[in-house]
Amino acid sequence: MPSTIFRAPRRAVVLFSGALAASLLAACGGSSLAEDDAPGSAAPEDAGPVKIGLSVPLSGVYAPLGEDMQQGFELYLEEHDNQLGGYDVDLVSVDEGEGPQAGVPATQKLVTQDQVSAVVGIVNSATAAGLRDTFIQAEVPFIVANAGADEITAEPSDYIWRTSFVNSTVGGSIGAAVAEEVGDGSVYLITADYAAGHEQVGGFREAFEAAGGKVAGESFTPFGTTSDWQPYLSEIRSSGAAAAFSFYAGAEAVNFVKQYDTFGLSDSVKLYGTGFLTEGAVLEAQGGAAVGTKTALHYSHTIESDRNAEFVEAYEAAYGEVPTVYSVQAYDAAAALDLALEDAESTDGAGIAAALGGIGEIDSPRGPWSFDESHNPDQPYYLREVQEVDGGLVNVAVRELG
Ligand code: BEZ
């Protein structure tokens, strides 16, 4: 990361608008981002297109995240004349849906029926875990652009790469900071009851307790079906906790944060979480209920760097809203494929997989990063706080977490 200085955003309001890129991109005349790292000349002149699969949720509680990912991936393609590594891209998109029941078969179809050379996407940890073996067996690279399931990269494979984060790492990144802020007080853990919740809150708990923190209790709420958090909020109140820590994203994050506030806990029990709790479109829906919530994440559109400023400007011009961590993770997946295809000896899965290991640093809006030995991004995390800025709500990056 070049710098940990953050600027106040030019547009403070996070919009729900999801208008797709084409016309707006045309209006902004493309982007200068492509100039420094134009697609390579590796592709022979008569090379056919490379078929890439994109699987993100367009329905279910994580649909807003999927929309951001699609926008991030499409923005990269638009900036690079719809080419990766000099090859024209034939993009095949499917709906990941809410969980593995929908997401696994839809994504497998990209491999078995559409015969793509690589797949990008997947929000849900359980879905990603259910797909891992499919990609290894088919020898098709799987570039996970959100799902943080620890097990996905626990045993590295040439065919499994991730441009997002590892659940236990993002949770653990804020453990010591919360222990310091709550002092002698205890923290209640509350999360969605599936892999991402268990691992993110588990990672938090380990780091928090190692730093001397005390846990007051914990609740796991049914994923995708919980609409009333009141029984859990009563437990938080009666536990006497000084703070709560949670993982929720998408529609669940909206409902949880709003009910937490309406129940009257915001003033007395400080709310912390991983950054998905207040990221993107959910923040506008949460409104004032989210103010003061502190989270950890590897991106904020307020990061001050030339690279991020260019990206935010291009994204806003294309979609009329600021980018999110989901947009950046998918944008970086396109960048990784671009670099790999520049050097790949063939455009099939084996050729791309072999080249991914040698791409080096990605010049990302989050800051430059490389894949580590487990094929996850080697990156810093930031403490962010929801603040009102210029009449809108912003996840202001306060400092880098140690
Ligand atoms: C996950 O399932 O890994 C996940 C879903 C939404 C946001 C972050 C992680």
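Here is a short walk through the ligand site and then a pair of strand pairings. This is a predicted model, where local features need pLDDT of at least 70, side-chain atom pairs count only at pLDDT 80 or more, and totals for chains, interfaces and linings use all residues. Residues are numbered from 1 along each chain as its sequence is written, and side-chain values use heavy atoms, with hydrogens and water left out.

**Stop 1: the ligand**

Select the ligand and the 16 residues around it (a heavy atom within 4 Å). V123, S125, G148, Y194 and A196 come nearest.

Now show the polar contacts, meaning pairs of N or O atoms within 3.5 Å. Pick Y194: a polar side-chain atom there sits 2.5 Å from a ligand oxygen. Do the same with S125, where the side-chain distance to a ligand oxygen is 2.6 Å. For V123, look at the backbone instead, since a backbone N or O atom lies 3.3 Å from an oxygen of the ligand. The protein buries 100% of the 260 Å² that the ligand exposes when taken alone (Shrake-Rupley accessible area, 1.4 Å probe).

Colour the shell by type and you get ten nonpolar, six polar and no charged residues, with Gly counted as polar and Tyr as nonpolar.

**Stop 2: the strands**

Next, select residues 50–56 and 87–95, which are strands 1 and 3 (DSSP E runs of at least two residues). They run parallel, joined by seven bridges; strands pair if DSSP finds at least two bridges between them. Zoom in on I52, which stands opposite L91.

Then add strand 2, residues 83–84, which pairs with strand 3 in the antiparallel sense over two bridges. L84 has Y87 as its bridge partner. Finish in the hairpin on G85, which takes a positive phi near 60°.

Technical notes. Polar contact = N/O pair within 3.5 Å; in protein donor to acceptor, adjacent residues only side chain to side chain. Helix = DSSP H or I, 4+ residues; strand = E, 2+ residues; numbered from the N terminus.
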